[in-house]
Amino acid sequence: MPSMATGDRQKFNPNNNRPQFGPKLLNNDQKSDVFARRQKIEQQRRSLPIASVEKRLVEEVRKNDTLIIVGETGSGKTTQLPQYLFNGGFCNNGGTIGITQPRRVAAVTVAKRVAEECNVELGQKVGYSIRFEDMTSISTRIKYMTDGLLLREALLDPYLSRYSVIVVDEAHERTVQTDVLLGLLKDVQKKRSQKTFHQSNNQANNLAAVKNENNGEMKPHLVKKLNPLKLIIMSASLDAKGFSEYFNGAKAVHVQGRQFPVDILYTAQPETDCLDAALVTIFQIHLEEGPGDILVFLSGQEEIESIEGLVRENLKKLPEPNQKLLILPLFSSLPSEKQLKVFTPAPFGFRKVILATNIAETSVTIPGIKYVIDPGLVKVRSYSPDSGIESLIVVKTSKAQALQRSGRAGREGPGKCFRLYPESRFEGLDDSTVPEIKRCNLSNVILQLSALGVDDIIGFDFMEKPDRMAVIRSLELLYLLGALTDEKKLSDPIGQQMARLPLEPNDSKALILATQFDCLQEMLIVVSMLSVESIFYAPRDKLEESRTVIKSFSSPDGDHITLLNVYRASLEFLERNKEENGKEKAEKNLRKWCKDNFINNRSLKHARDIYNQIRENVERMGLKINSCGDDMLPLRRCLAASYFLNAALKQPDGTYRVLANGQIAEIHPTSVLRRTKSECIVFYNLVQTTRNYVRNVTRIDYLWLAELAPQCYALKD
Ligand SMILES: Nc1ncnc2c1ncn2[C@@H]1O[C@H](COP(=O)(O)OP(=O)(O)OP(=O)(O)O)[C@@H](O)[C@H]1O
């Protein structure tokens, strides 16, 4: 899957686009509301466990260049520490306090809260910056951002000289980005204490590239002198010892106390059907417990949408007064404005039920949540360097994750967490999650590090080294794609261009090549459609009907072109409707069109957003956006030229053998080529369930491989 940042794709420049407000004149009632809210916030802040150790924490940061802070969920780390440091003078030289979060939604909502606590307009003293959305200005001193964004800033400024302090929050999550960032920050600290500056050619190139990507704008910042970088690693559930060892014996402090108690409840027996257990628990809470909203953790969009349907169905069976349940999904590919809906209070008399993936697991405070339902499962990436198979698998959470999940209750008052498994299972869980870097394909990480001037990946100071075989496999892939030179340096221009696209290397290569095959317009659509989960949906009770309708889009050449057909048909429908009915009505009609055609409207909209975003990227890179019209041959050839490592040949028994590694797989039942007679195919991904399945498949000519990927395939005759 492409590593696409999600959410609102609008580029936002607060200084240009924000409406200018004059002083707001409030009437007396409004004034007293504002006053009461300010008093409530002040009182809340004073009662947080962290408030009693403010002075000590500021002192510890002053004394130690690196500090590890561990404190209960909800104790006030994320919202308060940056304010304490600001008040403690850590921005006096014009420096900024940067706080990284593994997820966009946390960066945005926490920044909003802290701006409110500081009584400032968001984007001024307090702001946030996530990919394609920058809510900061030259006066921003407390800046929340994703860890990926700080990595990109490092391309621009290898010293991270704008920052006096960097706080890596939720470090226990150990995402790939966090791990790369930790290694990089360690190096930046060293460089800043030495006060020498060396800019490699690579960094100079990247600087130019990123400057260009930001429309040539670089925000000025006011650091007069480079002080040592203060680094704070923070979480409620991290292995302080491991982090301390990595940071050369850095000091760890523990903030004691939690704000409100959370009752943990377990089931007596293991549950065989987690979705059903979650459904029953939602209604049990709704009918038997007091007021308060419910947060349910589910493993993915599909589970969320399926339980959403079941809750709605069951709700209709309840007597009228009990039907006041507001169901809100929350997953990463949901557009930002929809994600943020969960943070607004439910209408009077209603109870919110938020169906979320683990994006709601850390950092966020969702107002109103009193009950958490935790089935104890999470979807994670898994990668086998031997087979080259990367898949998403559902596994048990770690203890750290269970703790974080229960910590989403008890933030505004006492809460309850319903773990849908017996207590004995909790005892057997791993303490922490296996770092993502140990279980994912590393080609993207390598590309990122190469762009940062790190050529020796094996020698890079990772907290935990990735598997050597996985590094070798990923280097091989990048080499075969032409992204790396023989000296393992980023190639120019292919590697440089690939590093600038927010996609997996195969997808970036497909876009770069597409312009040569005269089909960039089509490839942009295909890559965007492949970036989202489940475009089609087939309700259990309408299986036959949905199959017939979906068939009308299908192409005998395969799934990529089928997806292209869906996108084109929806766009044509939308444009025609806009002319006749205006934008708003057209969007509404499109929703109905999607429903009638068994297409997931949310996913389609997300694909449109991604399309606009990547199109902007490739335009800035100067690639010519050309189209092959209705002739699909160039597109198929381009797919073969980019996904050549995912080529497979039909076996006499009807299965397929992946040419690059000999894996045997079947075409997935959802593919339009399921019953194909095609001798040779390329596929987008290989998933492992009870069997190996290849998904998103296109028919190609075997001979194209030797012609288009001679570095990998040679003809014997
Ligand atoms: N948006 C918000 N609305 C209402 N209260 C909030 C909001 N954000 C934070 N709070 C309050 O501030 C408290 C501290 O939140 P904060 O995120 O700083 O805690 P934390 O220690 O970082 O927690 P975690 O480890 O779970 O991220 C919350 O428990 C809640 O009471």
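**View 1. Strand 2 and strand 5 run in parallel in this predicted model.** Let us start with the pairing of strand 2 and strand 5, the latter spanning residues 142-146. Their parallel partnership is made over 5 bridges. To find your way along this pair, look for Gly98, which stands opposite Lys143 of strand 5.

**View 2. Strand 2 also pairs with strand 6.** Here the partner is strand 6, residues 163-168, and the sense is again parallel, with 5 bridges between the two strands. A handy landmark is Thr96, whose bridge partner in strand 6 is Tyr163.

**View 3. Strand 2 is largely enclosed by the rest of the structure.** Strand 2 covers residues 96-101, and 6 of its 6 residues are buried, so the strand is largely enclosed by what surrounds it in the structure. Follow the side chains along the strand: Thr96, Gly98 and Thr100 point one way, while Ile97, Ile99 and Gln101 point the other way. Both sets are buried.

**View 4. A shell of 22 residues surrounds the ligand.** Zoom in on the ligand and you will meet Thr73, Gly74, Thr78, Thr79 and Arg411 as the closest residues. Sorted by class, the shell holds 15 polar, 4 charged and 3 nonpolar residues.

**View 5. Helix 4 and helix 5 both contribute to the ligand shell.** Helix 4 (77-87) and helix 5 (104-118) each provide at least two residues of the shell. Which helix gives the most to the shell around the ligand? That is helix 4, with 4 residues.

Notes: Residues are numbered from 1 along each chain as its sequence is written. This is a predicted model: local features need pLDDT of at least 70, side-chain atom pairs count only at pLDDT 80 or more; totals for chains, interfaces and linings use all residues. A residue is buried if 20 or more other C-beta atoms lie within 10 Å of its own, exposed if 12 or fewer, and partly exposed in between; C-beta atoms are placed from the backbone. Two strands pair if DSSP finds at least two bridges between them. A residue is near a molecule or strand if its C-beta atom, placed from the backbone, lies within 6 Å of it. Ala, Val, Leu, Ile, Met, Phe, Trp, Tyr, Cys and Pro count as nonpolar, Asp, Glu, Lys and Arg as charged, and the others, Gly among them, as polar.
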